[in-house]
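Student: I should like to go through this model and ask, for each term, what justifies its use.
Tutor: Very well; please show the structure and begin.

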Amino acid sequence: MLRVGLTGGIGSGKSTIARLLAENGAVVIDADKLAREVLEPGTDGLAEVVKAFGEDVLNADGTLDRAALAAKAFATEEARQTLNGITHPRIGALTGQRMSEAPEDAIVVHDIPLLVERDMAAVYHLVIVVFADSATRLERLVTSRGMDRRDAENRIAAQATDEQRRAVADVWLDNSGEVPDITALWDRLVGFEKNLRTGSYASGSPLVVPYDERWPAEARRIARRISVAAGGRRVEHIGSTAVPGLAAKDVLDFQLAVEDMETADELREPLAQAGFPYVGPYVDTPRGEGDWSKRLHAGADPGRRVNLHLRVEGAANWRWAIDFRDWLRHDTAARDEYAKVKLELSRRFAADGNGFAYGEAKEPWMEAAARRVQAYRGGQES
Ligand code: ADP
């Protein structure tokens, strides 16, 4: 099952996109709807609310008087927390239940306005943010939904900012104008779900491209997801995409620090379930004494190539990955030299898509670089 988080500011068009995804076959779980369900007449949630806030939050027919509850619950921070303490666990349980009821091969879209505010991004395989600028949103809320202008303004102001939402967006859908075409997005979700279910990863022979300014933010999102799946262990963005200004293959490399290889093997399943299936055991090209073995995982998302290297914290290859990156970040002349070598070789080997030959041909430069990295490391330590 693929878990997709869908969010956006009020009036951005989130429900509109959710509807399109459902038409394609997604199982949509609507957080707002569940929030109402847990306070329906006859629920223990509603009974708790009445106990905490009094009979006068009910209408004559026994349903919840939302305005009356809002007046009381948003009066003080303490009251707000009391209400959240009643509703949040129940909404969470109901969400879990709905997810577990979805078929094994489902693409589950969790439509959740407060994804950012609740810091939920890392629990999804992918986060989609629907965007419309606030003036457009305000206009839609007032004209299409008949909301009071002041009320709409207040609601927009109380939510997360566009910048906060951008930071968690794996996919950014601009819905300021025409409703965007989601065909390509849907194909990506279908491919992602299939890879996830079959333990496959995205493949192909990527070319070396110019440095992309979006890589660091993208890497932060993915590193967080990996770390959460790996029980909070240390994850670093390494490799060429982690060096500002360096041309690179558009594959993000991450290093997950493990205590030992048994731990790496225990993490195999949780990482696969989080979207990073196992590839195999490897030994890195040794650049000195020590342990150069690792476990390799890769990303299942066809829209984002990822390599994930599990190395023992403190081992020679763990150290090398960090030092090599830091040296290239520090020494821009070396970085540019490396870029030239990579571009030449990638052109030479592009035709046959031979990643192995490309790696081999890089070796003479890498061997010389190893000595320079050592000198750099020595300088750092003294
Ligand atoms: P949200 O769920 O994010 O609050 P909705 O999907 O309900 O937003 O959209 C808010 C209003 O704007 C609705 O009336 C919807 O029909 C309308 N709307 C959504 N997308 C567009 C668009 N691209 N152009 C014009 N109106 C839109």
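Student: In this predicted model, which residue of β11 is the bridge partner of Y282?
Tutor: The partner of Y282 is K294 in β11.

Student: How do you know that β10 and β11 pair, and in which sense do they run?
Tutor: Pairing requires at least two bridges between two strands. Five bridges join β10 to β11, which spans residues 293-298, so the requirement of at least two is met. The two strands run antiparallel.

Student: What makes β7 and β10 the edge strands of their sheet?
Tutor: The order in this open sheet of five strands is β7-β9-β12-β11-β10. Both β7 (235-238) and β10 (278-283) pair on one side only. The pairing in the sheet is mixed, and the twist from one strand to the next averages 25°.

Student: Which helices lie across this sheet, and how do you know that they touch it?
Tutor: Contact means heavy atoms within 4.5 Å. By that criterion, helix α10 (residues 215-229) lies across β7, β9 (251-258) and β12 (305-312). Helix α13 (residues 316-330) lies across β7, β9, β11 and β12. The angle is about 35° between α10 and β9, and about 50° between α13 and β7.

Student: What is the pairing in the sheet that contains β1?
Tutor: That open sheet also has five strands, in the order β2-β3-β1-β4-β5, and its pairing is parallel. Its edge strands are β2 (27-30) and β5 (171-174), each paired on one side only. Neighbouring strands are turned by 25° against each other on average, direction ignored.

Student: What makes β1 and β3 a pair?
Tutor: Strand β1 (residues 2-8) and β3 share five bridges in the parallel sense, and at least two are needed, so they count as paired. Within β3, V109 is the bridge partner of V4.

Student: Across which strands does α1 lie?
Tutor: Helix α1 lies across β1, β2, β3, β4 and β5, at about 155° to β1. Helix α1 (residues 14-24) also gives the most to the shell around the ligand, namely three residues.

Student: Why are the approaches of G13, K14 and T16 to the ligand called polar contacts?
Tutor: A polar contact is a pair of N or O atoms within 3.5 Å. A polar backbone atom of G13 is 2.9 Å from a ligand oxygen, and a backbone N or O atom of K14 lies 2.8 Å from one. For T16, a polar side-chain atom lies 2.6 Å from an oxygen atom of the ligand. Each of these distances falls within 3.5 Å, so the term applies. The protein covers 75% of the 560 Å² of accessible area that the ligand has on its own.

Student: What is the make-up of the shell around the ligand?
Tutor: By class, the shell has two nonpolar, nine polar and four charged residues. Of the 15 residues around the ligand, S15, T16, R145, N175 and G177 come nearest.

Student: What makes the phi of D119 notable?
Tutor: Most residues other than glycine have a negative phi. D119 is not a glycine, yet its phi is positive, about 55°. D119 is found in the loop between β3 (107-111) and β4 (126-131).

How values were computed: Residues are numbered from 1 along each chain as its sequence is written. This is a predicted model: local features need pLDDT of at least 70, side-chain atom pairs count only at pLDDT 80 or more; totals for chains, interfaces and linings use all residues. Side-chain values use heavy atoms; hydrogens and water are left out. Helices (H or I, at least four residues) and strands (E, at least two) are DSSP runs, numbered from the N terminus. Axes are lines fitted to C-alpha atoms, for helices over the stretch in contact, and angles run from 0 to 180 degrees between N-to-C directions. A residue is near a molecule or strand if one of its heavy atoms lies within 4 Å of it. A polar contact is a pair of N or O atoms within 3.5 Å; within protein, one must be able to donate a hydrogen and the other to accept it, and residues adjacent in sequence count only if both atoms are side-chain atoms. Accessible areas come from the Shrake-Rupley method with a 1.4 Å probe; for residues, only the protein chains shown count as cover. Ala, Val, Leu, Ile, Met, Phe, Trp, Tyr, Cys and Pro count as nonpolar, Asp, Glu, Lys and Arg as charged, and the others, Gly among them, as polar.
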